[in-house]
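Let us walk through this model, starting with one chain as a whole and ending at a packing of two helices.

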Amino acid sequence: MNDMHMREGYARALADYGAVNPNVVVLDPDTSSSTMSGLFARRFPERFFNVGIMEPCMIDVAVGLAMGGKIPFANGFAALIALRALEQIRTCVCYARKNVKIASGYAGLSDYKDGATHHAITDIALMRALPEMTVIVAADAVQAGAWVPLVAEYDGPVYLRLNRSATIPVHEAGSPLEMGRGIMRRPGHDLTIVATGSMVGRSMAAAERLAGQGVDARVIEIHTIKPIDADILNQAAAETGAIVTAEEHSVIGGLGGAVAEVLCEGRPVPAERVGICDKFMRTGMDPESLADACGLAVEDVMAAARRVLQRK
Amino acid sequence: MAYHPESLILELEERARQIRTDSLDMIFRRNAGHPGGSLSAAEIMAALFFHTLRIDPKRPDWSDRDRFILSKGHASATLYSALARRGFFPIEDLEQWGALTCHLQGHPDCIKTPGVDMTSGVLGHGIAIGAGLALAARLDGKRYRVYTLLGDGECQGGIVWEGAMFAAKYHLANLTAIVDYNDVQLDGPVHEILPIEPFVDKWRAFNWAVLEINGHNVRQILEALEMAGEIHDRPTMIVARTTKGKGVSFMENSAAWHGVPPNEADYLRAIAELKGEN
């Protein structure tokens, strides 16, 4: 396992990209040593703004900077940005269509130490319901870094969802990455596991073990929850006839919801959702064992695969 | 400070009267809108749009223009009147306000309407967004200034004070905020619903320069806006004491006219009063 934290992969890329694009400015609400946006701050102090503990103000300031032609990356904890600043994001970023990039760190259960107050398990649902918003979930440290220039150079609001720690690596440096286009991570014919973020690596592990049991599972990574790649999903449903979704987020309104919306209109097939089951989670000792305890274990994905196969 | 000849004052007072009659025309025709807070803001809007702001109707996206954010977005009628009268779009558009085919939304929309720098309508955003914009101007070495107009009730919201702290931290002297302090909000008097006093002291404590004026005195408005440009180490708050519903006797100081359009009889009476025909 590559043990680089996802936050570090993102933050290093952001600092490097700062040298390429002088219009990039970075904001952080007093979490720059956590999100590691401090790496950018040290290289470009004149383009870094620590706004203090006020996420709503940070988003408004970012809107103003975007109005002035800057490309602001607003960092912070996903739970706080997506909830405290939701109105700012809806009205001032999305409705006014300002070129603000929200880099939402510590997503999902990342903040295992602090517990449910700092878990972000509803942010995908909230963000993808907003018109004009693009929602991207990074799968590992390498991919988190690869998103930085793509997000910066896209003209419009983006919510980039990041984990704090290392995840099982899936993305090779330099491999193709395009907003809105899902990635076939593993071919397969019996069912398709559609995963996002930290669950891509775990789903790959589940598919490997399923193969040992004679189940040929396809794995598709959906990094862009919105606009979602309906083609790759409908094709997978048509070709494999069963779907499992896997995400470090509530099963309500996140990847599972988005995939269900596509398939119920396009290609209805049996589906099972792996995610946080509409409950507040708890504090843990490390992100991996907490995820395991919260229904996101490799075994949970495998069990969902077996359930969906029975419904095929 | 520049001398403002009496002719300029008279001209801006006439512009304010036009903003008032336009606003009431529009609100009556659409049977929707906010009369009270539009009438109270008329002189401030007239001074900004017909004197202070460096804007060009032929180039609404001119990168060096001054920026204006109507933080109290429900006074949209005044902004639409000012922009139309400045030539940003045809005056006839005002008659279509709110129609499905018209660019003029209930609240200002920066994508649909030329000359609207920022969408508003949910209260509280002007200062924080204005601060970001002022910061961008400084980063680029641009000379443009950023202005935002707030309501007094709006200042009950925490985001206003978040923005105030941020603007003070970065000494954003190119940001000027004006509060249309008419002491009336939707449900009643501001000093009863949720007192905001001591208001001037609050802004001083937040490290803003504060100027207190009569918000219906055009000369005082012009001088305050100019003085704000002479302050180089901090943002300026202009506390403009105003009268809600100013100019229409039965609307003055009345919460009942915050967001209620006049019927035909009241509309005709109001216009007659504004035109001095009563």
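Two residues are in contact if their C-beta atoms, placed from the backbone, lie within 7 Å. The model examined this way is a predicted one. Take the contacts in chain A between residues at least 6 apart in sequence: 79% of them join residues at least 24 apart.

Now the make-up of the chain. Chain A holds 13 helices and 12 strands. Its radius of gyration is 18 Å, and the globule rule gives 20 Å for 312 residues; the two are close, so chain A is as compact as a globular protein of that length. The C-alpha trace of chain A spans about 60 × 40 × 35 Å along its principal axes. Burial can be put as a share: 62% of the 312 residues of chain A count as buried.

Next, a contact between chains. Two packed helices are described by the angle between their axes and the distance between the axes. Here the pair is helix H4 of chain A, residues 55–67, and helix H5 of chain B, residues 126–139. Their axes lie 6 Å apart, and the packing angle is about 45°. H4(A) is therefore oblique to H5(B). The crossing of H4(A) past H5(B) is right-handed.

Which residues make the contact? H4(A) contributes Cys57(A), Asp60(A), Val61(A), Ala62(A), Val63(A), Gly64(A), Leu65(A) and Met67(A). From H5(B) come Ala128(B), Ile129(B), Gly130(B), Ala131(B), Gly132(B), Leu133(B), Leu135(B) and Ala136(B). By character, the residues of this contact between H4(A) and H5(B) are 12 nonpolar, three polar and one charged.

Notes. Residues are numbered from 1 along each chain as its sequence is written. Chains are lettered from A and ligands numbered from 1 in the order in which they are written. This is a predicted model: local features need pLDDT of at least 70, side-chain atom pairs count only at pLDDT 80 or more; totals for chains, interfaces and linings use all residues. Helices (H or I, at least four residues) and strands (E, at least two) are DSSP runs, numbered from the N terminus. The radius of gyration is taken over C-alpha atoms; the globule rule is 2.2 Å times the number of residues to the power 0.38. A residue is buried if 20 or more other C-beta atoms lie within 10 Å of its own, exposed if 12 or fewer, and partly exposed in between; C-beta atoms are placed from the backbone. Axes are lines fitted to C-alpha atoms, for helices over the stretch in contact, and angles run from 0 to 180 degrees between N-to-C directions. Angles under 35 degrees count as roughly parallel, over 145 as roughly antiparallel, 65 to 115 as roughly perpendicular and the rest as oblique. A crossing is left-handed if the near helix is turned anticlockwise from the far one by less than a right angle, and right-handed if clockwise. Ala, Val, Leu, Ile, Met, Phe, Trp, Tyr, Cys and Pro count as nonpolar, Asp, Glu, Lys and Arg as charged, and the others, Gly among them, as polar.
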